[in-house]
Amino acid sequence: MFIAMNRFTVPVENAEEFEALWLSRDSKLDSLPGFVEFHMLKGPEENGRRLYASHTVWESEDHFIGWTRSQQFRDAHARAGETKKLYEGGPRFEGFTAIQHIGRAG
């Protein structure tokens, strides 16, 4: 399993527009091989900024790399330059390979 995350620091005055952007996009992730799930996470507010993180789970890192090279990826990120004004700096990417997974019993 591979987990890909991007962190965004968003001024609170942009939070509503930032959330609307993510909630309305058509990512096409679910059409890609190896895709497991996606979460857009809303974190704490501190000093007039809110932390957000996109969290995508893939069957493998190779599947994630396939997504980054796909037409679906290009389409999903086509407006990235226009929306960059909503957050500070660039998104901070973090990629993780799972070494252990414990699921709920039952």
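1. The largest pocket of this predicted model encloses about 660 Å³ of space. It is lined by 29 residues, of which W22, R25, W67, A76 and H77 are the closest to its centre. By class, the lining is made up of 17 nonpolar, seven polar and five charged residues.

2. As for the elements around this pocket, β1, α1, β3, α2 (61-68), α3 (71-76), α4 (80-83) and β4 (88-97) each supply at least two residues of the lining. The largest contribution comes from β1, which gives four residues.

3. Helix α1 deserves a point of its own. Its buried residues are A15, F18 and W22, and because they cover an arc of only 65 degrees around the axis, they lie on the same side of the helix. On the other side of α1, the residues E16, L23 and S24 are exposed. The cover over the buried residues of α1 includes β1 (2-11), β2 and β3. W22 thus appears twice in this note, as one of the buried residues of α1 and as one of the residues closest to the centre of the largest pocket.

4. Which residues in the loop between α1 and β2 should be looked at? One of them is S27, which is placed in this loop and which counts as buried because its relative accessibility of 17% falls under the cut-off of 20%. Leaving aside residues up to four places away in sequence, S27 touches W67, Q72 and A76. Two of these contacts, W67 and A76, are also listed among the residues closest to the centre of the largest pocket.

5. Another residue of that loop, between α1 (15-24) and β2 (35-46), is K28. K28 has a positive phi of about 65 degrees although it is not a glycine, and a reviewer may wish to inspect its backbone in the model. With a relative accessible area of 39%, K28 is partly exposed, whereas S27 counts as buried.

6. A positive phi is also found at N47, where the value is near 55 degrees in a residue other than glycine. N47 lies in the loop between β2 and β3 (49-58). Is N47 buried or exposed? Its relative accessible area is 66%, and N47 is therefore exposed, since the class begins over 50%.

7. How many salt bridges does the structure hold? There are six, and one of them pairs E19 with K42, where the closest N and O atoms are 3.1 Å apart. This pair links distant parts of the chain, with E19 in helix α1 and K42 in strand β2, 23 residues apart. The two partners can be set side by side in their accessibility: E19 is partly exposed, with a relative accessible area of 24%, while K42 is exposed, with a relative accessible area of 53%.

8. A further salt bridge is formed by E45 and R50, with the closest N and O atoms 3.3 Å apart. Here E45 counts as partly exposed at 47% relative accessibility, but R50 is buried, with a relative accessible area of 18%. The charged partner R50 is thus on the buried side of the cut-off, because buried means under 20% relative accessible area.

9. R49 and E88 also meet through their side chains in a salt bridge, at 2.8 Å from N to O. Because R49 lies in strand β3 and E88 in strand β4, the pair ties together parts that are 39 residues apart in sequence. Both partners are classed as partly exposed, R49 at 35% relative accessibility and E88 with a relative accessible area of 33%. In addition, salt bridges that share partners join R7, R92 and E94 into one network.

10. A last point concerns the end of the chain. Q100 is placed in the segment after β4, and at 65% relative accessibility Q100 counts as exposed. Where does Q100 stand with respect to K28? The two residues are 72 residues apart in sequence and 28 Å apart in space, taken from C-alpha to C-alpha.

Key: Residues numbered from 1 in each chain as written. Predicted model: local features only at pLDDT ≥ 70, side-chain atom pairs only at ≥ 80, totals over all residues. Heavy atoms only, no water. Buried < 20%, exposed > 50% of the residue type's maximum accessible area, 1.4 Å probe, protein only. Arc of directions from axis to C-beta. Contact = heavy atoms within 4.5 Å. 1 Å grid on protein atoms, 1.4 Å probe; cavity = no way out; pocket = protein on both sides within 12 Å on 5 of 7 lines; lining within 4 Å. Points joined across faces, edges and corners; volume = space filled by probe spheres on them. Nonpolar A, V, L, I, M, F, W, Y, C, P; charged D, E, K, R; others polar. Salt bridge = Lys/Arg side-chain N within 4 Å of Asp/Glu carboxyl O.
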